[in-house]
Amino acid sequence: MHAAATTPFIHVFEPGTDAAGAPLLLLHGTGGNERDLLPLGRMAAPGASLLSPRGQVLEGTMPRFFRRLSEGVLDEDDLRRRTHELADFIEEARARYDLAPPTALGFSNGANIAASLLLLRPEVLAGAALLRAMSPYAQPPKADLAGKRVLLLSGGLDPIVAEEDAARLAATLADDGAAVEHRTLPVGHGLSQADVGLLRGWLA
Ligand code: MLT
C-alpha cells in the first residue's frame, strides 16, 4: 500500500510484515526520488516498513535534500535548516504510521543528511547506514549517539568523497558514542553488489 503525503514531504510509505524489525528511512541521492531506494530497502531488510521521502531542494531538475555550493561543498546553513525539517517529518510520520524510530539508509546526498540527522537530531533515528557519506560539517556539533549503530560504506575510488573525509566522519560519530562499522570498498561513488551484501548482513 502506498500512502499519499499530508506532510510537506512527498513520500512513499510501505508497511512491513516484520513488526519486530526497525523501519527503514530511505534517503535518495542527488537527482533521485522517493522510489529510487525502495528496491534496495526491500532487498536489504525484507519485511521492514519503508518510509521514503523526496528531497525538497531542486538543483536544476534534480531533487536533493539540501543545497550545495559546488560538488562536494555543502551549504551548511541550508543543511541545518533542512535537517530539522526532515526530523520533524520523521516525527510526524512515526505518529501517523505508528512507527518505531527508523534506521536511516542514505545514499550520497541522502547519506549526508542522515549523518546530519545523527549530529543534530539523534533522537529521531535508531541508527544509520551511510553509503558514500562525507563529513557534513567543518566543525561538527557534539551529539550523544550512545546506543546507535552506524554502518559507513565508502568507496576507495570515490571521486566525490575523499577517504580521509569519510574516516573523519567515522571518527566523529564514534567519539559521540555510536557503534560505528566503517568499510572502504574498492569501488567509486556508485553502489555495488558488495554494498548490498554488507548492508543486508548489518541490518539482519
Ligand atoms: C552532496 O552534495 O551531498 C554530495 O556532493 C554528494 C552528492 O550529492 O553528489
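Which residues is Glu59 in contact with, leaving aside its neighbours within four places in sequence? In this predicted model, the partners are Thr30, Arg64 and Arg68. Glu59 lies in strand 4, which spans residues 57–59. Its relative accessibility is 27%, so Glu59 counts as partly exposed. Thr30 is 29 residues away from Glu59 along the chain, yet their C-alpha atoms are separated by 8.4 Å.

The overall fold comes next. The protein has five helices and 11 strands. Its radius of gyration is 15 Å, close to the 17 Å that the globule rule gives for 204 residues; the protein is therefore as compact as a globular protein of that length. Along the principal axes, the C-alpha atoms fill a box of roughly 40 × 35 × 30 Å. Of the 204 residues, 52% are buried. Contacts between residues at least 6 apart in sequence were also examined, and 69% of them join residues at least 24 apart.

In soluble globular proteins, nonpolar side chains tend to be buried together. Here the largest nonpolar core holds 41 residues. Within this core, Leu130 and Leu173 touch the most other members. Several elements each supply at least two of its residues. The helical contributors are helix 2 (76–97), helix 3 (109–120) and helix 4 (163–175). The strands are strand 2 (24–27), strand 9 (127–131) and strand 10 (149–155). Apart from this core lies another, of 19 residues. Leu26, Leu37, Phe107 and Leu153 are among its members.

The surroundings of Leu173 can be listed residue by residue. With neighbours within four places in sequence left aside, Leu173 is in contact with Leu118, Leu119 and Leu130. Leu145, Val150, Ala178 and Val180 are also in contact with Leu173.

Two of the contributing helices pack against each other. The axes of helix 2 and helix 3 are 9 Å apart, and the packing angle is about 80 degrees. Angles of 65 to 115 degrees count as roughly perpendicular, and helix 2 and helix 3 are therefore roughly perpendicular to each other. On the helix 2 side, the contact is made by Leu79, Arg80, Arg82, Thr83, His84, Leu86, Ala87 and Ile90. Helix 3 contributes Ile113, Ser116, Leu117 and Leu120. Seven of the residues in this contact are nonpolar, three are polar and two are charged.

Gly41 is placed in helix 1, residues 38–44. Its relative accessibility is 0%, so Gly41 counts as buried. Residues up to four places away in sequence were not counted among its contacts; on that basis, Gly41 touches Leu24, Leu26, Leu50 and Leu105. Leu24 is 17 residues from Gly41 along the chain. The C-alpha atoms of this pair are separated by 7.2 Å.

Positive phi values occur at Asp98 and at Arg132. Neither residue is a glycine. Phi is near 60 degrees for Asp98 and about 65 degrees for Arg132. Asp98 sits in the loop between helix 2 and strand 8 (103–107). Arg132 sits in the loop between strand 9 and strand 10. Asp98 is exposed, with a relative accessible area of 71%, whereas Arg132 is buried, with a relative accessible area of 1%.

How values were computed:
Residues are numbered from 1 along each chain as its sequence is written. This is a predicted model: local features need pLDDT of at least 70, side-chain atom pairs count only at pLDDT 80 or more; totals for chains, interfaces and linings use all residues. Side-chain values use heavy atoms; hydrogens and water are left out. A nonpolar core is a set of buried Ala, Val, Leu, Ile, Met, Phe, Trp, Tyr and Cys residues joined through side-chain atoms within 4.5 Å. Buried means under 20% relative accessible area, exposed over 50%, partly exposed in between (1.4 Å probe, protein chains only). Helices (H or I, at least four residues) and strands (E, at least two) are DSSP runs, numbered from the N terminus. Contact means heavy atoms within 4.5 Å. Axes are lines fitted to C-alpha atoms, for helices over the stretch in contact, and angles run from 0 to 180 degrees between N-to-C directions. Angles under 35 degrees count as roughly parallel, over 145 as roughly antiparallel, 65 to 115 as roughly perpendicular and the rest as oblique. Ala, Val, Leu, Ile, Met, Phe, Trp, Tyr, Cys and Pro count as nonpolar, Asp, Glu, Lys and Arg as charged, and the others, Gly among them, as polar. The radius of gyration is taken over C-alpha atoms; the globule rule is 2.2 Å times the number of residues to the power 0.38.
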